[in-house]
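Visitor: I have a protein in front of me and would like to learn how to read it. Could you take me through it step by step?

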Amino acid sequence: MRQLKKPTYAQVNDDIVRTLVETGPRYYLALGTALLVSIVLFFLPWYYQLRTGVGLAGMNQPNVWGSYLANFVFWIGLSHSGTLLSAVLHITQSPWRKAIYRSAEAMTLFALIIASLCLFVHLGRSWFLHWALPYPNQMELWPNFRSPLLFDVMAITAYLTGSSVFLYVGAIPDFAAVRDRVCGWRKNLYTLLSLGWRGTDMEWHRLGVAYTFLAVLIIPLAVSVHSVVSWDFAMSIVPGLHHTVFAPYFVVGAIYSGTAGIVTMMFLLRKYFSLESYITTTHFNNLGKLLLLLSLLWAYINMLEIFTGWYSGSSAQIETLNYKLFGYYAPLFWGMVLFCAIIPLALIVKKVRTSLITMLIISVLINIGMYIERLLILTTSLSRKYLPDYWGIYTPTLVEISIFIGSVALFICFFLVFVKIVPSVSMYEVKETLDTPDRRR
Amino acid sequence: MAAELLGLFSHADQALKAAGGLRDTGFQEISLMSPTPLHGVEQVLGRKTSAIKRFTFFGMLTGLLAGFLLAAGTATLYLLPTGGRPIIPIPPYLVISYEVGILFAVLATLFGFLVSARLPALRERHYTPETHIDRFGILVTCSSEQDAERARTIILAAGAEEIRQLEYLGKKSHEQ
Amino acid sequence: MSDSDSIKEKWKKYRNPGYQDKFDYSWGMVIDLDRCTGCEACVTACQAENNLPIVGEEGFRSGREIKWIRIERYWDGEYPDIKLRFIPMLCQHCDNAPCEPVCPVYATYHNQDGLNVQVYNRCIGTRSCAAYCPYDARSFNWFSFTWDKPLDEQLNPDVTVREKGVMEKCTFCIQRIRQAKDTAKDQNRRVRDGEVQPACVQSCPTQALVFGDRNDPDSAVSKLAQNPRGYQVLKELNTNPSIIYLKNL
Amino acid sequence: MLNLNRRDFFKLIGAGSIGTGAGFLLGESMKNPVELLIPYLIPPEDIVPGVATWYNTVCNQCGAGCGVMVKVMEGRAKKIEGNPAHPVNQGKLCPLGQAGLQVLYNPDRLRNPLKRTGERGSGKFQEIPWEEALTTLADRVGGLSGPGASDRVHLLSGRAGGHLDELFSRFMDQLGSRSYLQYEFAHPHNLYLANKLLFDEERLPYYDIKNTQYLLSFGADYLTSWLSPVHHGLSYGHMRQGRPGRRGKFVQVEPRLSLTGANADEWVPAKPGTEGLLALGIAHLMVRNGHYEGDDQDKWSRALDEYTPERVSRQTGVDAQRLASIAEEFARSRPSLAIGGGTAANHTNGVSNLVAFNSLNYLAGNLQKPGGILFNPPSDSPSLLSASPHKSQAPYARLLALMERLSKTKDSLLLLHHCNPLFNLPDTVEIKAAFQNAGMIVSLTNFMDESTMMADLVLPTHSYLESWGDDVPEPGVGFPVAAISQPVVAPLYDTRAAGDILLLLADKIGGDVRNALPWSNMEAYLKSAWKRIYVEKGAVIESSTFESFWKAVLQAGVWGETGSKDAPGVRISGKHLLSQLAYEAPRFAGDQEAYPYILHPFVSQAFHDGRGANLPWMQELPDPTTSVVYGSWVELNPRTAMHLGIREGDLLWVESPTGKIKVPAYLYPAIMPGVVAMPIGQGHSAYGQYAKGRGANPIQILAPLTDVKSGALAWAATRVRITKTGERVEILKTDGTPRELGRNITGKRITMIPIDASPGELASNRVTGPNKG
């Protein structure tokens, strides 16, 4: 990649504000398409399912969990790198974080929202989901806090709140900067959002302190969220799910897929918002290294899981393992191994890491692989439980596939709206990486 | 008659120099506005550390306690044995406690930040859009004409591009 | 009792597993596999008593059948030295039921009779209980099943018809237990052994199924449970089922 | 817990009547429940909202005659359970019996009389009023009666027990026709004949499985379909675990492992049709080894001389050593019992096979002994207790004659009553042609089955839960028992009970017929019949008036004969045995080259002979040994299948010399390689939405071979060949993998180490008590 000339402070503002206010037909086309797709492929099938029953999905008696829950875990996983990565990189003061973290955090937020929606879709009676929330009611019946599902509810609530706060606090100075450049309804909106930020040294200082604290809080929270998600499964005594390694396994998997998601997103942002000067090959290179590390870690834990099952000597564990490796879903399993453990090894070559297109391909493949992983965790274990007489096979139906595609479209929708409201690149932090502005601009 | 002076600089070091100069001359109410956080400004202006960490700490403590109490308390309101487990099992409730703890800590940190940074601004305060782009501003409150003159000199000497004299809006412009 | 004692007592109650649930009755079942012929009379009896839906051919094709009790069959050996073993599988009403703690809304819990009960009205359909159940004893209502008229005239008014999105499972015919307990209460006595029988037990031609109160040492189940042939299915999972099987000889 | 002996039974009758409703109140109390509100304050008698009333009646789903209790709430039948006082089933009931509710509430019930409008068999009917239907029929019947009516008027009924059977005979007698037959596919003609030949008793004895120590069953699927499955189930449970310290052994001989066989300690696959030879081989060994101590030992050893273990082993395919051990155990165990049924009794040599089985009982001394075969004396009440529907049951040969007359005589009339010959007879009878040529066909039935499709006039009857009747269970329980069935709900539709229809017809025909059948309805007829019993048995009946007796019987649902309890049993000698003892080789239709496999049809538990196929519960009840639902299949040994390159779900042509059907393959690990098995019951081309167009009917392709002695259809004597059609279907079954895989599920092996394992004394199997902290 050619090295672009570093922009000036003013250019930063111009560029970023331009992404907010200048909207071309292509944007509307994209938004319209995404909206349409999400309505047709997500909301309509969901409505149909609400009317008739979850039986529209391919789930059946031993496989009571199917792709909806896999979607949930997938989106939760995708949500993981945004805020978590941003927080980790903030604490370790990696300068290359600054151009990407805003979008990454937005990804977290939206992925979380989609994940919660997936829970709605998954439930047999979605209209009673509020029963799982702790609020005083006349039945004097509270939710069951012993349930790992309730850990989930609490963890996701905390994570959603935490990452929104983190995103918002970090964006206040940029809201202020945008406030001064726009007029009309936007002016009012950003005036409200910026809370009267002036950029005084005191404000900057408080922001810095608060932001660091938030980052410190977000990291254990994010880790706990995916651990808790893993406990939904690991706390059962189902062979193939009942593994102590599940929490780290899920966390690593989540960061892995999240990081890959960031790479994909960065590629798209850079291409469609012409942010070549902010998102550079350095970023891709660094993320590539991270991906390589994560892929190795992920592969290691995967092997660990397989070995513990194997060593257990229990018929149920070994059968589940056998089924995973060589059974009905074996093509999926080996596909996952290929996508998540073998292909990413190519990242060891620097050329691969710095070539945008290879990075895009690898990151997309990783996320496909990670989706397969989530699906396999559920299907291979639930279809091979303790009583062989009750074994069964699960295949997703068209409704499920449509809802997954629809949820991706919905995510894109959210994101497209987001980039028009929140500066998708943190202006003030990008400026920090630039030279002090020239006297004559 | 009190007034406020706003000096605009192109370079951070100039602004810092002006700030240092002003402080040395005895000005107390100085704010430095910048498009990015400036390092070293705390030493130059002699800022104290903030109270945010206390908010976070106590938020965390409250949350941990509240989480556990929520789980344990609601379970004892209506005894429903499940799975042969105790009504108040420690490990699962610690998870709840942990999540609520972090949630409260996050909210407390946000609250602490807003309080200590005096945000949201409830009344009008001086600022200039340039400092959000590429200028560095110094806002200083002068209690008299003489003070203002002295400050103006110091700011210009540091290399300010522009100086504006503004109406005095009260003490709230500069917060520690 | 001083305040500190009462707090101590309460804490004990809340902390010690089982301390809070001194059950009035502890209903259990003994299934003698040496008697069980696999004839499935229990399956139909359950279906009739508990308003289990007719899921239709399509329902079976997609694995959505609802059976609270089913006969599992296992082949052993190869032709000609081959055996076929039957085992009726139903909700085991485990004392340490894995399905109970996972429900986020307490739709399933242990009641005062030591039964693992499912509260249809409270169920939100996470299906986690079914996933957690090692005995696959729980069935989910994937749709709101309907009966071709006038087959619905048969529906038992003592048992609710479940709507879509609700988990269901064997209740040990709780409606019969309740009725027997009411009668016993009116007469100021405990329920007698054999006074209440779930539909499956009632219909079993070989009397392989015996139901009763495990708290009563003189009941038929308590005595049969002492049989050296007794075992619990998947005992190694430590779920401690209320159903004791007597193994086939 | 109910191990009834005769004394307990009478105690129970008293107890059982408490709390059961009296059926005769029903007619008055129960109006149409759908249209009326039921006030809680002053409810009609017997209808209290939320409170169930139980009515005792008799199950009519198969011939066993179990007593049932029907739970009725707000005028609707809710559940059928066994009548605890009834000695046949003692409160227990099989799935088919419980599904009787779905006969009552079946959406496909016929609701109005129908008249054919289109071509015969086209299924086009038009609703007509009862008056018209009955007048048409009465005119026709009246015109055809008189001398020679046997050729013109025929009544073919399904199983009709008790006084309905008598009513049918009387009616036909009055018309001057002797052509009244009953036909049931699974009726054990051969067993009756064998018993007649051996013991001079043309009835079924009581097989005392309950008290036996060693049960040797030749093909008798007694736990699902043979004779009285529920009672056998009770006996089986008792035999296995009902006697502390004693567990009866059970050996099953059959080519395909049935549900009954699955419960045996040993399964002995013998070549189809050679079961009799096997029995004679065992007899040979018993006599040779001196286990027979009778005085005609020489004659026996001469008669059995030719059945050497070598020959028997060679011809039956059963290992000689195994033969010896069975002979040894059978002879040494006291008491032991040999029974035979199913395919073993339905080859061309069925009767001689059954004779051979009984020779074992004779040699081991099992006749008239507890744990063996018991013939009780017939009742001294001629009005009821000797009644056996068997006398009207027609073997295949007689049926064939009826069909011939039907198609040859002009203006013939066939009255069908709950009988479906078009489904239950092989296609070769040309029965379709007979039906086409018949002058008029009238069907009295509940459902539009295959035969009713051919009818000119369809008279919908009450279901058995809406009608009056009575029944004498056969085989009995060791002492005479009779039961009355009463309506438990008001009729749902505009239907009439079959008995009522006949009485109405008699009334319309008038003259002698009316005078001979003067009763206004079935209930009155039944009451008059039972009044005779009351008079005849007055000595042993405690009730002071007939009304109180009647009420007591209705409440208890069953009545048994006290006077017979000390009467001596029938004396049985083996004198006929020797003369009958000759093994005949079975004949099969189709030669072995062209048709290499023997078709083994079996009566399924859920559908019986096909009558259960329209009950959704039965369609959804997994087949006990294959777990298949909603459909039929052909079972092949996996080795045979591998040889033919067949996988499960491959659609096959099963072709006999007389026809072929298309059915998917199921690999069944417990069937002899040369045998293919098919369940009976599916393959309906009519019979309502749940049955129609599902699976295939193996009866269709059976060859018309009959038993050489009885003339009964030898339905196990057809050879078939199997070809792939190239299509595949998914067989719907509920099982995943039917292997235990070393998991401790059925408790047979313990391979996993339990958490709290301690050495010694069954530690792994210790049961923990309830959770009490």
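Visitor: How many bridges join E9(D) to E10(D)?

Guide: Let me set the scene before I answer. This is a predicted model, in which local features need pLDDT of at least 70, side-chain atom pairs count only at pLDDT 80 or more, and totals for chains, interfaces and linings use all residues. Residues are numbered from 1 along each chain as its sequence is written, chains are lettered from A and ligands numbered from 1 in the order in which they are written, and side-chain values use heavy atoms, with hydrogens and water left out.

Guide: Now the general idea: strands of a sheet pair through backbone hydrogen bonds, either parallel or antiparallel. Here, 5 bridges join E9(D) to E10(D), and the two run parallel. Two strands pair if DSSP finds at least two bridges between them; helices (H or I, at least four residues) and strands (E, at least two) are DSSP runs, numbered from the N terminus.

Visitor: Which residue of E10(D) is the bridge partner of D:Ser217?

Guide: That partner is D:Gln252. On E11(D), D:Gln252 has D:Trp267 as a bridge partner. Strand E10 of chain D, residues 249–253, is joined to E11(D) by 3 bridges, again in parallel.

Visitor: What is the order of the strands in this open sheet of chain D?

Guide: The 4 strands follow the order E11-E10-E9-E12, with parallel pairing. Strands E11 (266–268) and E12 (336–340) of chain D each have a single partner strand, so one side of each is left without a neighbour in the sheet. On average, neighbouring strands are turned by 15 degrees against each other, direction ignored. Axes here are lines fitted to C-alpha atoms, for helices over the stretch in contact, and angles run from 0 to 180 degrees between N-to-C directions.

Visitor: Which helix packs on the sheet, touching E9 and E10 of chain D?

Guide: Helix H10 of chain D (residues 275–288) does, and its direction makes about 145 degrees with that of E9(D). Contact means heavy atoms within 4.5 Å.

Visitor: Are the residues of E9(D) buried or exposed?

Guide: To read this, use cut-offs: buried means under 20% relative accessible area, exposed over 50%, and partly exposed in between (1.4 Å probe, protein chains only). In E9(D), 5 of its 5 residues are buried. One side carries D:Tyr214, D:Leu216 and D:Phe218, and the other D:Leu215 and D:Ser217.

Visitor: Which residues are buried in helix H12 of chain D?

Guide: A general point about helices helps: an α-helix has 3.6 residues a turn, so residues three or four places apart point the same way. In H12 (residues 309–316) of chain D, the buried ones are D:Pro309, D:Arg311, D:Val312, D:Ser313 and D:Thr316. They pack against H10 and helix H13 (320–332) of chain D. Just after H12(D), D:Gly317 takes a positive phi of about 80 degrees.

Visitor: Why does D:Glu547 count as partly exposed?

Guide: Because its relative accessibility is 43%. D:Glu547 lies in helix H22 of chain D, residues 546–556. D:Glu547 and D:Lys527 are 20 residues apart in sequence, and their C-alpha atoms are 9.4 Å apart in space.

Visitor: How many helices and strands are there in chain D?

Guide: Chain D has 25 helices and 25 strands. Of its 773 residues, 64% are buried. Among contacts in chain D between residues at least 6 apart in sequence, 73% join residues at least 24 apart.

Visitor: Into which domains is chain D divided?

Guide: Domain bounds come from an automatic or database domain assignment. For chain D they give domain 1 (114–181 + 393–461 + 496–518), domain 2 (206–374) and domain 3 (597–728). The C-alpha centres of domain 1 and domain 3 of chain D are 30 Å apart, and 15 residues of domain 1 are in contact with 22 residues of domain 3.

Visitor: Where does UniProt place the feature "transmembrane region" in chain B?

Guide: The unreviewed UniProt entry places it at residues 55–80 and 92–115 of chain B. UniProt positions are given in the numbering used here, feature names are shortened, and annotations may be inferred rather than shown by experiment. In the model, residues 55–80 of chain B are 88% helix and 0% strand, with end C-alpha atoms 37 Å apart. Residues 92–115 of chain B are 100% helix and 0% strand, and their end C-alpha atoms lie 34 Å apart.
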